Amino acid sequence: MKKYIFCISTAAALGLTGCKKDFIELAPVSQNNVVNFYKTADDMKIAVNAAYGALQYSGQYFSAMHEIAEVRSDNTGILDVQTGLNVVEIDIFTNRSNNTLLNNMWNDHYRGIQQCNIVVDRIAAISMDATLKDRYIGEVKFLRALMYFNMVRTFGDLPLVIKEIKNPEEGYAYTREPVEVVYAQIIEDLKEAETKLPAIYTGTDIGRATSGAAKALLGKVYLTRKDFTQAAAKLKELIDGTATSKYMLLASYEDIFKVTNENHRESIFEVQFKKGGTGEGSPFNNQFAPRSSGTIVSKVGAGLGYNIPTQDMEDAYEAGDLRKDISMASGYMNGTSFVESKYIKKYLDVPFQANDADNNWPVLRYADVLLMYAEALNEQGYVADGPAFGYLNLVRQRAGLADKTSVNAEPSLQIADQAAFRLAIEQERRVELAFENHRWFDLVRTDRAIAVMAEHGITIQAYQLLYPIPQSQIDINPEMIHQNPGYQ
Amino acid sequence: MQINVIGRALHRMGLPASQTVFYMKLTAIFLLFGCLQLSARTYSQISLSGKGISLEKALSEIGRQSGHFFFYKYNELRDAQPVTLKLRNVPLPKALDEIFRNQPFTYAIDNNTIVVVKKETGTRPVEEAAPPVEVIGTIIDEKGNPMPGATIRVKGTTRATVSDASGTFRIPELPDGTVLVISYTGYVMQEVILKSGKNISVVMKEDDNSLKSVVVVGYGTQERKDVTGAIATLPAKKLKDQPVTSVDAALAGQIAGVQVAQTSGSPGGGVTVRVRGSGSLSAGNEPLYVIDGFPVSNDYNQLNNPLNTLNPNDIESIQVLKDASATAIYGSRGSNGVVIITTKSGKSGAARINLDVYTGYQEVARKIDLLDAEGFANYINETRNNAWVDRGGLITDDNTVRNNVIYRLPPFLSDPASLGKGTDWQEEIFQKAPIRNYQLSFSGGNEKTKYYMSAGYLDQDGVVINGDFKRYNFKLNVESQLSDRIKVGANLTPTYTTSNVSDAEGHWSGGAVILSALLMSPHLPVYNPDGSYTTALNLGYGFSSVENPVKTAKEKVNNWGRFRLLGTSFAEIELLKDLKFKAMVGTDIRTARQRTFIPSIIGRDGAPPPSIPLGTATSTENVNWLSEFTLAYKKSVGKHNVNSVLGYTIQKENFESNFVSATNFPNDLVQTINAGIINGGSSDRQQWSLLSYLARVNYSYDRKYMLTATVRRDGSSRFGSDNKWGTFPSVSAGWRVTEENFMMGVNWLDDLRLRASYGITGNNFIGNYDHIGLIANQNYVLGTGNGTIVNGLAPGTFSNSNLGWEVNKQFDFGIELGILNNRVVFSADYYNKVTSKLLLNVPVPSITGFTSATQNIGKIRNNGIELSLSTKNTVGAFRWSTDVNVSFNRNKVLALGPEGSPIFGNYQLNASHKTEIGQSMGNYYGYEVIGIYQDEDDLAKSAKFADSRSGHLKFRDVNGDGVLSTDDRTILGSPFPDMTYGITNNFSYKGFEMNILLQGVAGYEVLNLGRRFHGNYAGTGNSIAEVKDAWRSAGNPGNGTVPRLNRDLARYSSSNSSANISSLFVEDASFLRIRNISLGYNFSEKLTSKISARSARLYVSVQNAHTFTNYTGYNPEVSVTGASTLTPGVDYGGYPVARTFTLGINLGF
């Protein structure tokens, strides 16, 4: 009896004393947490990398961007398939405010912006190499500016969040700021990034944002704001360049999109992808290959038939334009028979598995800069066969096309006045930068969207130049977030 | 002579000196009870009340109160008659006189000992007057064991006798038609009519309503009559004959306030249990399950119900703790109610062997009325033509003119009449599925050691082809009284289950079989002439890309194997008289592995096969251990009775999982990961821990006034650093009105009890690390060439150091009534439970970088009434009893989120559900259809969308602004029933038994969202047959509910039935289901003895024989979202619940 009591009381005593308070203090084993992270320079590097990773979100360059910038325009469309209903609505302008693509776009951009804000806020307290600290700040400010720029062009007025939100309540305090305020912030961020970022990277840092990327984006922002003087000045800096960081057009248009040739001299900023089953691959091959083509076009994984070039697009290429067959195809061979089904060819790396290829997404490249510069010059004043003609023709020459001039026997090659030059730029941008998420924003920026879409056969209203704010955001915070006109 | 000693009380006088040291150590504990630690010996006044209590018990009580030993001959005392007493402070001798009045015993007091002896004369007074011919009868229990000590009375006289050790009795010959009344404490009283020359045999049935029955409460037991909390008990016999694979499914319709919904018919899966409504939005609403004292983790899963590892045949009883008084002892896990499952244990006596076998089949009870091939072709052509005409085309235009696939007429449907009926895809995916179950159990033991062992095998196929569930279970339960003071026991339940899970529920695009079958074109056969499968993935012409559901069901592999070992062992030691210490350790080990393979012949991502095969392998391991130390103290002093427990428990769970996936398998032959190229993998490890102190005191005075107080203090790893510990108190009181003197004359009323309780419990069913902001991998690619992957980490969740449990405050008032010898037992409860500090994964403005965050915000109230009534309508040879239970629960959200903004649930479509203040949770949300725009005039004068046209659905302009917009969405229905009820009727006559269980739920709706495909009026695939009655023109408006058929969904995006939820999808799902009918026959002893069996029983049963409902889907209880509270009640190709026919036999040896 004595023995039993002893045993049990010992067991009980052990039970009571063996369990200290830390028995219930359990931290995650398989995941990092905010308590132990964001402490060192290395942590900050990893946090900056993650902010780049945000560009790969489905609500950013993975899919939303080409849906809102290409499918929306006259460049591409989508055949009606049940699973693509949200995209179809974007295509034919019947989208409602609860369109899931817009919801994804909104959520994924602000998620990325928050990651940039965290770095900006937390890096101050960390003792580390000052140059590196500046560079990290520059990188995330560039990324933040890029994300806001895409958002402001899509939705108009935006809640402007530029600091880390530490608890959910803070999120209810933001209302939509006028586009002017948003653009002011974008410009401020880019100006800072421009000074803090290096012109080039080497080795393992290649692919990070450079001062050139900041300048190019800033030029684009000025152009969008119709501030042609500043735009021209900023873009000129890129054209002048420096010996080490001189951008140039690649000799072959095809080389721009080769996965063996990423981050080339024409490239200013790309969203980087890498295949191999690690979740870092790009989906564009499968997304854009014809739906009924099986693996004939995509090679691995079925084609899904999104972002299909329109007849208008195919017709936009001048005869002899070398870019056409590199950019798109009008069909594919199934055995010995030709199946008519247009698709984009710019991103056709053979995937490791479905939606897992190497193709990067070109965000900014030198040809875009040249055309923007030419446009800015023309807007400052038409000069017959002036420098603007030179930059335009530089792009055309690579495409194997004849120069356009102020007086030309061939009417299609003649640009007689400022208005004609505008249209020439519009046309050149359309084919040079086809399927690179420029078209819709270019049309809106140049006030041409309504007219061009009408030609394309879709009548749209002025309010449709902006997309509706996702209904979910209004439902959550109806006091502060209001819908764009026309969508109520 | 065998001498039994009752009144072990005085044993403690001989306490060894060494124990006093330990005694000292326990002083602190005793201080708690100090005021009650009175010397019993100062009392010589006896108080004792009770009806029909056994003599043994009465003597024991007197011994306890007076401090005397009783000596008696055990076998003789069995002849004693039950006594009914009302003693209040009477001297000992008077009390004894009262007790031994009319007994065949007398007594003598010798110092501290009372010797009980048989009366020398008149021990069997009735025998003496007996005529030479006697009636001989035997009395046995349901298991065929003789019942000594049963009282046999001749109705209308005072003549009586008791049965002897072999259960037999003798009684003088009496005239035919004389009625004998047989009674035995704890058993239903029976009346037998004498027939001349016939000996009688009476089978006594246990009485579930007996107030003597013991109720298992957390960390102890209580007699039912002392219970002051709301606790429902379900004995094993109420579960029998139901071929259910898990015990929770068998609870359906049986207990007031407990709603059990079979949300999926998938073998082995899909049961949700709600005790008194749903009090939580995101922290789970499943009750806590405690199996043999072990609170188990029961992660709800639509496809796998963790309770299916327990063989329902091994269950002895189930108690459902409903109110806070009962559940507060489980603290931060108690607020959803607690289900205590007690498994079978051995009983002393001869060894028993039981064999239970049943076999049967299951079938789908109803099908959805779809178009046949001819109707389908007409429908498809109409949708294309209408779409084209709306674009300005002519119906006569041929396909070359029609400029989009959705306007073109499929050439294969050009001659509808030639297609005939085509393929009925529902018929193809459903089957009559066999179910078989075998169980063999052994039990037995002696006074000291008892054992129970069982082995079982269940094999169930699904009603959807190629799904199954098999269970191999074992059980071993041993208990031994090592010495007078020490009892030890162990309980081991290893179970292995294996299942092939059909990918049945959910969106067809992922291959889900049911929606695919509903959408699949009926003009296609299942197989091509060459034997290969057909597919609709590449039909074109605006059809949804659906894969052949027969192919998916047969060829896709999703195989699970699960092992669970639940083991506990305990030692209980009587430290001192009335004070027991119990230590229990237990472990719940669960391992699972899953293997999936999608072969190349199944098309994926909308592309026809061949596709690239995909395989995955997953393994998980949960190891949960528990140590529990309790001190129990039970003491009766005079009229004061104390029953208390003090405890300390510690529990921890470790979870680990590994996952690997592979692709690019060279062929479909080898399906394990090694054959492919590995393309992904992950592993995860998580833990939680819980540290608790608990205490409970039950106090009753004079068996009239009862008071229970409990408190538990829990520290949990799941909560924020600023909120680690919580305290959960409760108090309840009861009053047995019938024990009052003023009720003495009320003979028809056997029992009237009133009880009330109030308490606080918690809910901690949330993620293990929700309070810590987690950082998730978000890598990127940088560097030369194709780049190198660089590590990136980004926040995944918000931190919240204040995160705590949901606080649930519940008030309960109950009344229990027993009348007419407890033939009618009624109970009613009113409760009001308010959950505050609701753990909410609140959608937050996504500008925060997160779309949601878990916080303690919000308040929900559930209040309601529960009524249950049990009646014994007839007794005697033909016995009929009825149990009815009805519950009404009202659910209301009182506060939500930081701003009170509504929460929208998104299932497949955005804002499919809305939870807002003032309403119940998870209401369906969308447009209310008020008709169809009949013509241009109607369109002109009605509120509309910009893209509305004649023939489109007309919605109610909720905000009255003259136009339709998203602001006109409104609440369309609620998944919460107004009323749930169950009715059980039991009949028995001679060897026959019949049981009919009806289960009903009234006043709720289901969101039949699968209709956005097979009921979208756009011809994306096959359709419900009612499209034949579509609106065609003002002059031909159809049946008034089906709008114009039009494939061009995107051109009326505001009001089409594919992307918008409307009241068309919300259906009244009230139902009354004949849940179970069983008919059994117990073979007579004469027959069973021929096969040397102790008992034999044959039965047939039908489960879900019929469901009366207006719901158009397969199962009105459906919820493909399972336990979700923000998106409940959705039918998206839900797995039908089967109608099951079984034939079974029980043999006892």
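The exercises below, each with a worked solution, concern a predicted model.

**Exercise 1. A sheet shared by two chains**

Work out in which order the strands of the open sheet that contains β1(A) are arranged, and which of them are the edge strands.

Solution. Begin with the order of the 3 strands, which is β1(A)-β36(B)-β39(B), with antiparallel pairing. Next, look for strands that pair on one side only: these are β1 of chain A, residues 32–33, and β39 of chain B, residues 793–795, and they are therefore the edge strands. Then examine the contact between the chains, where β1(A) is joined by 2 bridges to β36 of chain B, residues 774–777, the two running antiparallel. Finally, locate a single pair of residues in this contact: A:N32 has B:I775 of β36(B) as its bridge partner.

**Exercise 2. Three consecutive strands of chain B**

Follow the pairing from β32(B) through β33(B) to β34(B), and find which residue of the hairpin takes a positive phi.

Solution. Start with β32 (residues 677–701) and β33 (residues 705–716) of chain B, which pair in the antiparallel sense over 12 bridges. Within this pairing, B:L691 is found opposite B:G715 of β33(B). The hairpin of these two strands has 3 residues between them, and there B:D702 takes a positive phi near 60°. Continue to the next pairing, in which 11 bridges join β33(B) to β34 of chain B, residues 725–736, again described as antiparallel. Here B:D714 stands opposite B:G726 of β34(B).

**Exercise 3. Salt bridges and burial**

Decide whether A:K342 and A:E314 are buried or exposed, and state which parts of chain A their salt bridge ties together.

Solution. Of the 87 salt bridges that the structure holds over all chains, take the one between A:K342 and A:E314, whose closest N and O atoms are 3.5 Å apart. Because A:K342 lies in strand β8 (residues 337–344) and A:E314 in helix α12 (residues 311–316), the pair ties together parts of chain A that are 28 residues apart in sequence. For burial, the cut-off is under 20% relative accessible area. A:K342, with 12%, is buried, and A:E314, with 13%, is buried as well.

Apply the reasoning to chain B, where the side chains of B:D812 and B:R755 meet in a salt bridge at 3.4 Å, N to O. This pair links distant parts of the chain, since B:D812 belongs to strand β40 (residues 806–819) and B:R755 to strand β35 (residues 749–763), 57 residues apart. Both partners are buried, B:D812 with a relative accessible area of 1% and B:R755 with 4%.

**Exercise 4. Patches on the surface**

Find which residues form the positive surface patch, and which elements give two or more residues to the nonpolar one.

Solution. The positive patch is formed by B:K57, B:R64, B:K580 and B:K634. Among them, B:R64 lies in helix α3 of chain B, residues 55–66, and its relative accessibility of 41% makes B:R64 partly exposed. Turn then to the nonpolar patch of about 850 Å², whose residues include B:F878, B:W880, B:Y989, B:L1098 and B:V1100. The elements giving two or more residues to this patch are β45 (878–895) and β57 (1095–1109) of chain B. B:W880 lies in strand β45 and, with a relative accessible area of 31%, is partly exposed.

Conventions. Residues numbered from 1 in each chain as written. Chains lettered and ligands numbered in written order. Predicted model: local features only at pLDDT ≥ 70, side-chain atom pairs only at ≥ 80, totals over all residues. Heavy atoms only, no water. Pairing = 2+ DSSP bridges. Helix = DSSP H or I, 4+ residues; strand = E, 2+ residues; numbered from the N terminus. Patch = residues over 30% accessible without salt bridge, like charges linked within 9 Å, V, L, I, M, F, W, Y side chains within 5 Å. Areas by Shrake-Rupley, 256 points an atom, 1.4 Å probe, with all protein chains shown as cover. Salt bridge = Lys/Arg side-chain N within 4 Å of Asp/Glu carboxyl O. Lys, Arg positive; Asp, Glu negative; His and termini not counted. Charge placed at Lys NZ, Arg CZ, Asp CG, Glu CD. Buried < 20%, exposed > 50% of the residue type's maximum accessible area, 1.4 Å probe, protein only.
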